[in-house]
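Reader: I am new to this structure and would be grateful for a close look at one part of it, followed outward to whatever it leads to. Please explain each term as it comes up.

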Amino acid sequence: MAMYRNYQEIRERVKGGGPVTVSVAVAQDREVLAALKMAAQEGIAKAILVGNEAEIRPLLKVVGLPEDTPIVHESDAAKAALKAVSLVRRGEAQVLMKGLINSSDFLRAVLNQEEGLRTGRLLSHLGAFEVPGQEKLLFVSDGGMNIAPGLKEKKDILVNAMLALQGMGIAEPRVALLTANEMVNPKMIATVDAQTLAEMAAAGELPNGVIEGPIALDVAFSPEAAGHKGISSRISGQVDLYLVPTIEVGNVLGKSLIYFAGAKMAGVILGATHPIVMTSRAETPEGKLNSIAMACLMNTGKQ
């Protein structure tokens, strides 16, 4: 079973399979192009740039990308997004990346009925955190896209994340269905949903893995805490994926790791036919590079 201690190990794994082609929607974005330059230098990815050619070409020189980098000219942002999506759909690229375009317009192209990348599952966000002092990357979903998922949506989010981790080589992800405690309480719907998801896993209705819940963060993270509470767990201290009940929990958990523990973050949008990189403009070039690498590895693994 693959275990990644840091992003460098992910990047090394991707290099072994050769560069993956990334289709960039509305590519006249200096930070995105700088990250793609880093990815090309490491042998991870090569790009097809879709957008306003007159604005893209000067940026190629600024960031140091080759002048012969493929460009598909389209000055209209919505049409450019759809063309970038179509390149992935037709197999000319394997990963889709958002450039200088509004997230809603970008996702509208992803979900386009004719040219989009629909699978029938919900789109969801998977975050990966490299935390100093921890022996492996921690994955969290969904702290970035779905606000207050119900049981059906949580199942989609869980399936998306588990398939993605399996695509990265983690054959049996250990999953914690996070709640405030381990007792099922009808007044705390997160505990009820977690119990139902755990029952689905036991019935073989979810991808292969070890799934436990409801489970609180301390028990999931610390075998000592589990011992103090008298809880027997097969995943305590070994969790790969933390499934959070709401976007607020995932957002606070992720930002706590970053700001209190010095973690580095990468993220990918899941649930489409191909991995999607949609980082914030505030993300560092290294963060964008790590997100590209993670998406490339997921794509390689699903082939």
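Reader: Which residues of helix α1 (residues 7-16) are buried?

Author: This is a predicted model, in which local features need pLDDT of at least 70 and side-chain atom pairs count only at pLDDT 80 or more, while totals for chains, interfaces and linings use all residues. Residues are numbered from 1 along each chain as its sequence is written, and side-chain values use heavy atoms, with hydrogens and water left out.

In α1, the buried residues are Y7, E9, I10, R11 and V14. Buried here means under 20% relative accessible area, exposed means over 50%, and partly exposed lies in between, for a 1.4 Å probe and protein chains only. Helices (H or I, at least four residues) and strands (E, at least two) are DSSP runs, numbered from the N terminus. An α-helix has 3.6 residues a turn, so residues three or four places apart point the same way.

Both ends of α1 can be described. At the N-terminal end, N6 acts as a cap, with a side-chain oxygen 3.2 Å from the backbone nitrogen of Q8. The residue G18, which follows α1, has a positive phi, near 85°.

Q8 itself belongs to α1 and counts as partly exposed because its relative accessibility is 34%. The side chains of Q8 and E12 are joined by a polar contact of 2.7 Å. A polar contact is a pair of N or O atoms within 3.5 Å; within protein, one must be able to donate a hydrogen and the other to accept it, and residues adjacent in sequence count only if both atoms are side-chain atoms. Q8 also has a distant partner in sequence: N290 is 282 residues away along the chain, yet the two C-alpha atoms are 8.4 Å apart in space.

From E12 the path leads to charged pairs. Side chains of opposite charge can pair when their charged atoms come close. A network of salt bridges links E12 with R11, K15 and E42, a salt bridge being a side-chain nitrogen of Lys or Arg within 4 Å of a carboxyl oxygen of Asp or Glu. Within this network, the closest N and O atoms of E42 and K15 are 3.9 Å apart. That pair connects distant parts of the chain, since K15 sits in α1 and E42 in the loop between α2 (30-41) and β2 (45-51), 27 residues apart. E42 counts as partly exposed because its relative accessibility is 23%, and K15 counts as partly exposed at 32%.

The structure holds 13 salt bridges. Another of them joins K83 and E74, whose closest N and O atoms are 3.1 Å apart. In this pair K83 is partly exposed at 35% relative accessibility, whereas E74 is buried, with a relative accessible area of 13%. A further salt bridge joins D218 to K229 at 3.2 Å between the closest N and O atoms. D218 lies in helix α8 (residues 217-221) and K229 in helix α9 (residues 223-229), so this pair ties together parts that are 11 residues apart in sequence. At 36% relative accessibility D218 counts as partly exposed, as does K229 at 41%.

The loop that carries E42 follows α2, which leads to the packing of that helix. The axes of α2 and helix α3 (residues 53-63) come within 10 Å and cross at roughly 50°. α2 is therefore oblique to α3. Axes are lines fitted to C-alpha atoms, for helices over the stretch in contact, and angles run from 0 to 180 degrees between N-to-C directions. Angles under 35 degrees count as roughly parallel, over 145 as roughly antiparallel, 65 to 115 as roughly perpendicular and the rest as oblique. The crossing of α2 and α3 is right-handed, a term used if the near helix is turned clockwise from the far one by less than a right angle, with left-handed used if anticlockwise. R30, L33, A34 and K37 of α2 meet L59, V62 and V63 of α3; contact means heavy atoms within 4.5 Å.

Helix α6 (residues 151-167) and α7 also have axes that come within 10 Å and cross at roughly 50°. Their crossing is right-handed. The contact is made by L151, K154, K155 and L158 of α6 with A190, D193, T196, L197 and M200 of α7.
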